[in-house]
Amino acid sequence: MQQLKELYREWCGQDPVSVERLPGAGSNREYYRMTNAEGVSVIGCKGTSREENHAFLSLARHFAKRQLPVPAVLAASSDEMRYLQDDLGSTSLFDAIRGGREAGGRYNVKERELLRRTIRELPNMQIRGARGLDFSVCYPQPDFNQEGVLFDLNYFKYCFLKATGLDFHELKLEAGFRMLAKDLVRDETTAFLYRDFQARNVMLNDDGKPYFIDFQGGRRGPYYYDVASFLWQASARYSSSLRTELIHEYYDALKQYTEVPSMRDFNERLQLFVLFRTLQVLGAYGFRGYFERKAHFIQSIPPAIQNLRDLLAANDYPYPYLVDMLKRLTELPQFAMQPTEPTPRKDGYKTTDRNPYPANPSDGKATFSKYDGKGPLVVKVFSFSYHKGIPEDDSGNGGGYVFDCRSTHNPGRYEPYKQLTGIDEPVIRFLEDDGEILTFLDSVYKLADAHVARYIQRGFTSLMFSFGCTGGQHRSVYCAQHLAEHISEKFGVEVKLLHREQKISQVFKPTDNV
């Protein structure tokens with residue numbers, strides 16, 4: 001620790017005011033947040049392996065030159081056993097999507113947007129990061145190869161499979177392993193394989209931009225591996241529809257950096273790596289759980305087995321004995337079928353441009369009403385109960401919209417949600433998982449965007465939106481809250497929000513981008 005403080009002193013000329021040890025991440029490296037008198041912090045790292053540290057430092061410096069989203073290396077000791085890097089904050093992607101994970105895979109709109117943003121950034125790291133990279137610095141090996149694949153498959157066999165007590169034919173299984181390994185390495189590739197690409201290794205800045213850390217185990221290899229590692233992480237419990245959506249996001253982003261196979265061929269290759277990655281993970285869970293008796297890993301085995309069960313049902317792999325043995329594995333009594341989670345619908349909001357009505361010279365000179373050019377616009381958004389009447393417009397303009405939310409699925413029918421409102425997380429997850437409310441709001445956003453943009457253009461001062469439902473508690477509150485946030489974020493005008501029946505009000509102040 002003292003040597004790390006000395007490195008800090010050499011770097012900035014003073015001692016840190018405070019040093020906070022950060023929680024471990026499953027490796028032998030120790031991390032510390034070191035803060036100066038002005039409150040500016042950096043991360044200090046102390047490692048036990050010079051080769052591993054050298055790999056990280058070399059890769060980080062290369063990626064920084066490529067302007068990739070990684071922490072900058074600020075200083076390193078001469079023996080590379082200690083170094084300082086940018087402090088990317090305390091919010092990882094894993095933390096940011098905790099709600100969806102704990103809700104059994106029911107990820108809300110914001111969480112899915114973070115996942116999309118992250119998966120779209122991955123090809124930038126893999127393809128641009130590989131350009132000009134000296135792969136000889138990678139540790140413990142520079143390439144993804146058949147020998148390494150067989151090592152991991154045998155790790156699965158000895159650390160997991162044998163511990164289950166399942167009977168299998170050793171030689172036939174080895175033959176299946178060799179066929180799978182040969183197929184996995186058949187394509188030449190120049191991509192950077194992150195290898196440990198998971199939500200814990202993605203940090204988010206205040207704007208939600210993803211930054212990548214802990215890539216010291218990377219090497220040259222096929223980009224499919226990282227996609228499989230990220231999307232089939234057992235504890236994440238991503239639904240099949242969300243995985244499909246994120247695969248398409250990745251595929252579309254990958255096309256911006258390199259030539260890609262057809263989507264069909266891409267998916268076929270990807271499923272091989274998903275199978276391999278699933279067996280690899282089970283091997284790690286077996287060692288950490290069955291042999292080291294760590295509860296977290298034992299608890300992770302059933303969802304990983306469910307991943308394997310789903311995988312075998314959806315694919316026709318050309319390894320007859322291996323597939324038969326794996327199916328028998330998933331049928332063991334200790335791996336009883338886990339209940340499946342409801343599938344969130346694919347969402348996405350399409351909006352018009354800020355100024356949807358550009359003037360045309362052939363229109364001639366425009367005429368204006370007495371209301372033009374007054375500005376600035378103030379938008380009022382209400383939620384209400386139809387039993388208590390539609391909110392009145394006190395501006396005197398008599399304009400705006402009233403939307404009836406009663407056609408959408410009502411969470412108020414179910415006991416767990418009766419005392420909650422549309423701004424409480426369980427209700428939000430119910431509505432977004434059901435999906436009807438997202439389709440409803442998609443149409444509202446398109447209408448509202450065009451109207452707000454036109455009112456700004458003309459300098460009008462008042463616009464009103466009201467959302468009604470039966471009790472003014474769930475659906476209308478959700479819609480009013482989201483439209484108010486959407487208009488504030490997109491247009492920067494002042495928005496006054498009132499959930500009338502809940503007696504909750506909020507004002508979104510105007511921003512400089514109006």
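Student: In which loop does D214 lie?

Tutor: In this predicted model, the position of D214 is described by the two strands that flank it. These are strand 8 (210-212) and strand 9 (219-220), and D214 lies in the loop between strand 8 and strand 9.

Student: Is D214 buried or exposed, and which side chain does it join in a polar contact?

Tutor: D214 has a relative accessible area of 14%. The limit for a buried residue is under 20%, so D214 is buried. Leaving aside neighbours within four places in sequence, its contacts are R29, Y31, F56, Y194, D196 and N201. A polar contact of 3.1 Å joins the side chain of D214 to that of Y31.

Student: How many disulfides does the structure hold, and why is C405 not bonded to C479?

Tutor: The cysteine sulfur closest to that of C405 belongs to C479, at 3.9 Å. A disulfide requires sulfur atoms within 2.5 Å, so this pair is too far apart for a bond. C469 is in no disulfide either, its nearest cysteine sulfur being that of C405, 6.1 Å away. The number of disulfides in the structure is 0.

Student: What are the relative accessibilities of C405 and C469?

Tutor: Both cysteines count as buried. C405 has a relative accessible area of 0%, and the value for C469 is 2%.

Student: How many residues of helix 8 are buried, and what covers them?

Tutor: Helix 8 spans residues 224-231 and is mostly covered, with 8 of its 8 residues buried. The buried residues are Y224, Y225, D226, V227, A228, S229, F230 and L231. Their cover includes helix 3 (93-96), helix 5 (109-128), strand 6 (192-193), helix 9 (240-254) and helix 10 (263-291).

Student: Which residues of the largest nonpolar core touch the most other members, and which helix gives the largest share of this core?

Tutor: The largest nonpolar core has 94 residues, and F192, F215, F266, L326 and L329 touch the most other members. Not counting residues up to four places away in sequence, F192 touches residues including L59, F63, M125, F135, F215 and D226. Apart from this core lies another, of 37 residues, among them V109, Y417, Y455 and F460. The largest share of the 94-residue core, 12 residues, comes from helix 10.

Student: What is the strand order of the open sheet of 5 strands, and which are its edge strands?

Tutor: The open sheet has mixed pairing and the order 11-12-10-13-14. Its neighbouring strands are turned by 15° against each other on average, direction ignored. Two strands pair on one side only, and these edge strands are strand 11 (401-404) and strand 14 (504-508).

Student: In which sense do strand 10 and strand 12 pair, parallel or antiparallel, and at what angle does helix 14 run to strand 12?

Tutor: Strand 10 (residues 378-385) and strand 12 (residues 462-469) are joined over 8 bridges in the parallel sense. Within this pairing, V381 stands opposite F465 in strand 12. Helix 14 (residues 436-458) lies across strand 11 and strand 12, and its angle to strand 12 is about 165°.

Student: Which residue stands opposite A76 in strand 5, and which residue in the hairpin takes a positive phi?

Tutor: Strand 4 (residues 73-76) pairs with strand 5 (residues 82-86) in the antiparallel sense over 3 bridges. Opposite A76 stands Y83. The hairpin has 5 residues between the strands, and the one with a positive phi near 60° is E80.

Student: What are the phi values of Q67 and R195?

Tutor: Most residues other than glycine have a negative phi. Q67, in the loop between helix 2 (50-65) and strand 4, is exposed at 69% relative accessible area. R195, in the loop between strand 6 and strand 7 (202-204), is partly exposed at 24%. Neither is a glycine, yet phi is positive, about 60° for Q67 and about 75° for R195.

Student: Which residue does a cis peptide bond join to P140?

Tutor: P140 is placed in the loop between helix 5 and helix 6 (146-164). The cis bond has an omega of about 5°, and the residue it joins to P140 is Y139.

Terms used: Residues numbered from 1 in each chain as written. Predicted model: local features only at pLDDT ≥ 70, side-chain atom pairs only at ≥ 80, totals over all residues. Heavy atoms only, no water. Buried < 20%, exposed > 50% of the residue type's maximum accessible area, 1.4 Å probe, protein only. Helix = DSSP H or I, 4+ residues; strand = E, 2+ residues; numbered from the N terminus. Contact = heavy atoms within 4.5 Å. Pairing = 2+ DSSP bridges. Axes fitted to C-alpha atoms, helices over the stretch in contact; angles between N-to-C directions. Polar contact = N/O pair within 3.5 Å; in protein donor to acceptor, adjacent residues only side chain to side chain. Core = buried A, V, L, I, M, F, W, Y, C linked by side-chain atoms within 4.5 Å.
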